[in-house]
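Please open the model in your viewer and keep the selection tool at hand, as this tour goes from one stop to the next and says what to look for at each.

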Amino acid sequence: MTTLRITEIPDEKPVRMTVDLPADLHRDLVAYAALVSQNGQAVDPVRLVPHMIRGFIASDRGFRKLRQGARQAAVRTRPTAVPEN
């Protein structure tokens with residue numbers, strides 16, 4: 001049997017965001033939610049979106065590399081504390 005990447009949805013405090021989806025993507029999202037729901041409790045397709053985005057971002061090596069480079073640059077340019085006498 002094929003394993004889905006998302007099997008359960010953790011309960012987290014959300015930040016509200018409105019997004020318009022193309023109809024075909026919405027149909028796929030509803031179908032995915034139906035498959036996840038077969039594992040037990042019914043899942044609202046809207047609750048899948050953050051986990052899908054999180055998975056996409058986590059798998060994007062270019063994003064990770066650029067983000068890490070930006071963090072390192074911020075550390076290098078951060079002013080150092082001057083000791084007081």
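Does His51 count as buried or exposed? Select this residue in the predicted model, and you will find that its place is in helix α2. The relative accessibility of His51 is 14%, and because buried means under 20%, His51 counts as buried. Now show what surrounds His51: leaving aside its neighbours within four places in sequence, this residue is in contact with Ile6, Ile9 and Pro10.

Next, show the whole chain as a cartoon and follow the path from the N terminus, along which the elements run α-α-α. The secondary structure comes to 3 helices and 0 strands, and of the 85 residues in the chain, 13% are buried. If you display contacts between residues with a separation of 6 or more, 54% of them are accounted for by residues 24 or more positions apart.

Then colour the chain by pLDDT, which averages 84 over the protein chain, with 89% of the residues scoring at least 70. Among the elements, helix α1, residues 23-37, has the highest mean pLDDT, at 95, while helix α3, residues 61-77, has the lowest, at 82. As a rule for reading any such colouring, predicted coordinates should not be read in detail where pLDDT is low.

For the interior, select Ile6, Ile9, Leu29, Tyr32, Ala33, Val36, Val43 and Leu48 together, since these 8 residues make up the largest nonpolar core. Keep that selection and centre the view on Val43, which, not counting residues up to four places away in sequence, touches Ile9, Ala33, Val36, Ser37 and Leu48.

One of those partners, Ser37, makes a good next stop, and you will find this residue in helix α1. Ser37 has a relative accessibility of 19% and therefore counts as buried, the cut-off being under 20%. Setting aside residues up to four places away in sequence, Ser37 touches Ala42 as well as Val43.

Stay with helix α1 and select Asp28, which also lies there. Is Asp28 buried or exposed? With 54% relative accessibility, Asp28 counts as exposed, because that word is used for values over 50%. To add a distance label, pick the C-alpha atoms of Asp28 and Pro45, which are 17 residues apart along the chain and separated by 9.6 Å.

Finally, switch to a surface view, where the accessible surface of the chain comes to about 8100 Å², with 57% of it belonging to carbon and sulfur atoms. Select Val49, Ile53, Phe56, Ile57 and Phe63, which form a nonpolar patch on the surface and together have about 430 Å² of accessible area. Which element gives the largest share of the nonpolar patch? That share, 4 residues, comes from helix α2, residues 49-59. Ile53 has its place in helix α2, and with 45% relative accessibility this residue counts as partly exposed, because its value falls between the 20% and 50% limits.

Conventions: Residues are numbered from 1 along each chain as its sequence is written. This is a predicted model: local features need pLDDT of at least 70, side-chain atom pairs count only at pLDDT 80 or more; totals for chains, interfaces and linings use all residues. Side-chain values use heavy atoms; hydrogens and water are left out. Patches are made of residues with over 30% relative accessible area and no salt bridge: like charges are joined within 9 Å, nonpolar side chains (Val, Leu, Ile, Met, Phe, Trp, Tyr) within 5 Å. Accessible areas come from the Shrake-Rupley method with a 1.4 Å probe; for residues, only the protein chains shown count as cover. A salt bridge is a side-chain nitrogen of Lys or Arg within 4 Å of a carboxyl oxygen of Asp or Glu. Helices (H or I, at least four residues) and strands (E, at least two) are DSSP runs, numbered from the N terminus. Buried means under 20% relative accessible area, exposed over 50%, partly exposed in between (1.4 Å probe, protein chains only). A nonpolar core is a set of buried Ala, Val, Leu, Ile, Met, Phe, Trp, Tyr and Cys residues joined through side-chain atoms within 4.5 Å. Contact means heavy atoms within 4.5 Å. pLDDT is the predictor's confidence in each residue, from 0 to 100.
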